[in-house]
Amino acid sequence: MAKESMKAREIKRQKLVDKYADKRAALKAAGDYVGLQKLPKNSSSVRLHNRCKLTGRPKGYMRQFGISRVTFR
């Protein structure tokens with residue numbers, strides 16, 4: 001079981017990615033890399049990590065089901 005703080009941090013990152021998705025796409029299309037650097041680091045989708053929906057386990061994640069292999073058993 002993952003720490004609650006790790007789960008919360010991942011949820012916070014997901015919210016930031018959703019919030020800035022349109023703005024990031026527009027800046028990328030315009031080639032404005034200085035503007036991209038001014039956005040929060042956690043607003044990049046690369047910083048997201050798949051976690052089990054039930055336990056929060058980061059490893060052994062099965063994308064098709066959204067849970068880890070341990071929980072799947």
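These legends accompany close-up views of a predicted model.

**View 1. The largest pocket and its lining.** The largest pocket has a volume of about 270 Å³. Its lining includes Lys7, Glu10, Ile11 and Gln14. Leu48, His49, Asn50, Arg51, Cys52 and Lys53 also line the pocket, as do Gly56 and Tyr61. Helix H1 (residues 4-30) gives the largest share of the lining, four residues. By character, the lining residues divide into four nonpolar, four polar and four charged.

**View 2. Arg51, a buried residue of the pocket lining.** Arg51 is found in the loop between H2 and S1. This arginine is among the residues that line the largest pocket. Its relative accessible area is 14%. The cut-off for buried is under 20%, so Arg51 counts as buried. The Arg51 side chain reaches the backbone oxygen of Gly56 at 2.5 Å. Gly56 is also one of the lining residues. Leaving aside neighbours within four places in sequence, Arg51 is in contact with Ala2, Met6 and Glu10, among others. Further contacts of Arg51 include Gly56, Arg57, Pro58, Tyr61 and Gly66. Of these partners, Glu10, Gly56 and Tyr61 are found in the pocket lining as well.

**View 3. The largest nonpolar core.** Five residues make up this core: Leu16, Tyr20, Leu27, Leu36 and Leu39. H1 supplies the largest share of the core, three residues. Leu36 is in contact with Leu27, another member of the core. Leu36 also contacts Arg24 and Lys28, again leaving aside neighbours within four places in sequence.

**View 4. Ser44 in the loop after H2.** Ser44 sits in the loop between H2 and strand S1 (61-62). With a relative accessible area of 16%, Ser44 is buried. Ser44 touches Val17 and Arg24, not counting residues up to four places away in sequence. Arg24 appears in the previous view too, as a contact of Leu36.

**View 5. Tyr33, an exposed residue of H2.** Tyr33 lies in helix H2 (residues 33-38). Its relative accessibility is 57%. Exposed means over 50%, so Tyr33 counts as exposed. Tyr33 and Gln14 are 19 residues apart in sequence. In space, their C-alpha atoms are 22 Å apart. Gln14 is one of the residues that line the largest pocket.

Terms used
Residues numbered from 1 in each chain as written. Predicted model: local features only at pLDDT ≥ 70, side-chain atom pairs only at ≥ 80, totals over all residues. Heavy atoms only, no water. Helix = DSSP H or I, 4+ residues; strand = E, 2+ residues; numbered from the N terminus. Buried < 20%, exposed > 50% of the residue type's maximum accessible area, 1.4 Å probe, protein only. Contact = heavy atoms within 4.5 Å. 1 Å grid on protein atoms, 1.4 Å probe; cavity = no way out; pocket = protein on both sides within 12 Å on 5 of 7 lines; lining within 4 Å. Points joined across faces, edges and corners; volume = space filled by probe spheres on them. Nonpolar A, V, L, I, M, F, W, Y, C, P; charged D, E, K, R; others polar. Core = buried A, V, L, I, M, F, W, Y, C linked by side-chain atoms within 4.5 Å. Polar contact = N/O pair within 3.5 Å; in protein donor to acceptor, adjacent residues only side chain to side chain.
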